[in-house]
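Reader: I would like to go through this model by question and answer. Please keep each reply brief and end it on the value or name I ask for.

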Amino acid sequence: MNKHQQNRLDQLGEYPFARLRKLLNGLKPNPELELIDAGAGEPRLPLPSFVQDTLLQHLDGFSKYPSTTGNDFLRQSIAEWLKRRFSLQHIDADTQVLSANGTREALFAAAHVLINPDSEIQPWVMMPNPMYQIYLGAAITAGGKPYLQPCTPETGFAPDIASITADVWRDTAFVYVCSPSNPTGWVADEAYYTQLLNLAEKYDFYVLADECYSEIYYADKPVGLLEVAQHMGNARYKRCLVMNSLSKRSALPGLRSGLIAGDADLIKKFSKLRSYTGPATPLPLQHVAAAAWDDEKHVQQHLKIYRDSLDAFFEVYGGQAPAGSFFVWLPVKDEEAFVQKAYAEQAIKLLPGSYLAAEDNRGLNAGTGYVRLALVDGPEKAATLAQRLKFII
Ligand SMILES: Cc1ncc(COP(=O)(O)O)c(C=O)c1O
């Protein structure tokens with residue numbers, strides 16, 4: 001590596017699943033049991049029925065270049081979904097909505113829209129700890145300083161905003177919020193988003209809400225950032241960016257399709273970035289995506305399976321279902337040892353919580369002492385998983 005090639009990418013650690021592979025290397029899952037993979041948060045539900053027909057009808061779209069913003073028909077479907085789901089009076093498909101190739105790339109790219117790497121101070125990028133690791137990688141590579149907000153039992157697993165001082169807020173470029181949260185299952189309520197948007201206005205920063213799990217909840221439908229902005233009289237969604245994904249809502253992670261919506265000024269800049277980086281979704285896949293945003297039936301069917309899975313798990317294991325997402329954030333003594341035992345003795349793949357967090361300035365990793373389980377294989381396997389976990393001490 002020469003001196004010109006060394007860059008901020010070199011500051012990033014290994015991705016959690018690569019670390020998990022190393023942790024389990026050399027171990028064999030108990031051969032007497034069927035392996036249950038609760039490590040990856042990948043929905044494993046049947047393909048919604050409209051996917052095949054829609055794809056076949058639009059195959060000729062592969063012979064055309066798609067738009068990097070998403071073609072009109074897709075942005076229109078997204079805008080209509082946002083209006084229905086979050087009771088928005090208005091959202092403009094041309095100026096306030098973009099399509100994304102899944103939200104992972106968009107969450108990463110957002111930091112390059114929202115940070116000025118040439119500014120005099122290196123700005124803070126707030127994020128929950130534990131977090132979806134993309135936030136960390138994005139903040140660092142775009143030239144920001146990650147500010148880790150501990151999400152622990154003491155904070156009710158909410159990213160703590162009350163203890164942050166005015167000096168820090170003043171030097172903040174933007175805040176990542178993940179609601180419902182991967183991995184803790186915490187859900188932002190109206191008061192939380194209101195407090196954050198008031199701070200954003202006072203200290204001049206942006207709020208980026210990753211709402212990928214908004215359609216997976218146990219009891220109450222999660223509120224959305226745009227909806228709260230509207231309630232506050234901010235009908236143009238100033239300072240707000242929201243991301244959502246068909247990977248979770250429609251169990252279509254392989255489609256690589258999601259949405260970006262909010263403040264027209266930010267969307268304009270994001271659109272410019274996309275015209276240079278070029279992550280366009282192939283047209284036939286955009287048609288499938290539009291059909292998915294237009295349909296709620298399959299989403300309700302999926303929701304029932306996730307709820308039944310949570311019920312099945314907690315009935316056997318004891319405890320309470322998370323407010324949102326299909327994850328269980330389980331306290332254990334030593335998370336790496338627990339994950340190794342779960343694999344070797346009970347043929348279960350889990351993820352150590354510490355791999356989903358980073359060490360903060362007090363030297364604390366907020367994921368230490370936890371494992372993450374994804375209940376993505378239906379109620380029967382969720383119950384089996386709970387039974388097997390009880391044998392691990
Ligand atoms: C919190 C969170 N955000 C975003 C994503 C990205 O999903 P996709 O790129 O499939 O839309 C994931 C995927 O696991 C996630 O857990």
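The turns below deal with the sheet, its helices, some single residues and the salt bridges of this predicted model.

Reader: Which strands stand at the edges of the open sheet of seven strands?

Author: The pairing in this open sheet is mixed, and the strand order is β2-β8-β7-β6-β5-β3-β4. A strand with a single partner has one side left without a neighbour in the sheet, so the edge strands are β2 (97-100) and β4 (145-150).

Reader: By how many degrees are neighbouring strands of this sheet turned against each other on average?

Author: The angle is taken with direction ignored, which suits a sheet with mixed pairing. On average, neighbouring strands are turned by 20°.

Reader: Which residue of β5 stands opposite Trp124?

Author: Strand β3 (residues 124-129) runs parallel to strand β5 (residues 172-178), and three bridges join them. Opposite Trp124 stands Thr172.

Reader: What angle does the direction of helix α5 make with that of β3?

Author: Helix α5 (residues 134-142) packs on the sheet and touches β3, β4, β5 and β6 (206-210). Its direction makes an angle with that of β3 of about 165°.

Reader: At what angle to β2 does helix α10 run?

Author: Helix α10 (residues 264-277) lies across β2, β6, β7 (240-245) and β8 (258-262). Relative to β2, helix α10 runs at about 35°.

Reader: Is Lys272 buried or exposed?

Author: Lys272 has its place in helix α10. In space its C-alpha is 9.1 Å from that of Thr69, although the two are 203 residues apart in sequence. The cut-off for the exposed class is over 50%. The relative accessibility of Lys272 is 55%, so Lys272 counts as exposed.

Reader: Is Gln133 buried or exposed?

Author: Gln133 lies in the loop between β3 and α5. Leaving aside neighbours within four places in sequence, Gln133 is in contact with Tyr15, Pro16, Tyr355, Leu356 and Ala357. Buried means under 20% relative accessible area. At 14% relative accessibility, Gln133 therefore counts as buried.

Reader: What is the area of the nonpolar surface patch made by Leu56, Leu59 and Phe62?

Author: Phe62 is found in the loop between α2 (50-57) and α3 (72-86). With 51% relative accessibility, Phe62 counts as exposed. Together with Leu56 and Leu59, Phe62 makes a nonpolar patch of about 310 Å².

Reader: How many residues apart in sequence are the parts that Glu34 and Lys381 tie together?

Author: Glu34 forms a salt bridge with Lys381, with 3.5 Å between the closest N and O atoms. Glu34 is exposed at 54% relative accessible area, whereas Lys381 is partly exposed at 26%. Glu34 lies in the loop between α1 (16-24) and β1 (36-37), and Lys381 lies in helix α14 (residues 379-389), so the separation in sequence is 347 residues.

Reader: What is the distance between the closest N and O atoms of Lys83 and Glu80?

Author: Lys83 and Glu80 are three residues apart in helix α3, so about one helical turn separates them. Lys83 is partly exposed at 25% relative accessibility, and Glu80 is partly exposed at 31%. In their salt bridge the closest N and O atoms are apart by 3.3 Å.

Reader: Which residues do salt bridges that share partners join into one network?

Author: One salt bridge is formed by Glu42 with Arg44, where the closest N and O atoms are 3.9 Å apart. Glu42 is partly exposed at 40% relative accessibility, and Arg44 is partly exposed at 30%. Shared partners give one network of Asp37, Glu42, Arg44 and Asp377.

Note on methods. Residues are numbered from 1 along each chain as its sequence is written. This is a predicted model: local features need pLDDT of at least 70, side-chain atom pairs count only at pLDDT 80 or more; totals for chains, interfaces and linings use all residues. Side-chain values use heavy atoms; hydrogens and water are left out. Two strands pair if DSSP finds at least two bridges between them. Helices (H or I, at least four residues) and strands (E, at least two) are DSSP runs, numbered from the N terminus. Axes are lines fitted to C-alpha atoms, for helices over the stretch in contact, and angles run from 0 to 180 degrees between N-to-C directions. Contact means heavy atoms within 4.5 Å. Patches are made of residues with over 30% relative accessible area and no salt bridge: like charges are joined within 9 Å, nonpolar side chains (Val, Leu, Ile, Met, Phe, Trp, Tyr) within 5 Å. Accessible areas come from the Shrake-Rupley method with a 1.4 Å probe; for residues, only the protein chains shown count as cover. A salt bridge is a side-chain nitrogen of Lys or Arg within 4 Å of a carboxyl oxygen of Asp or Glu. Buried means under 20% relative accessible area, exposed over 50%, partly exposed in between (1.4 Å probe, protein chains only).
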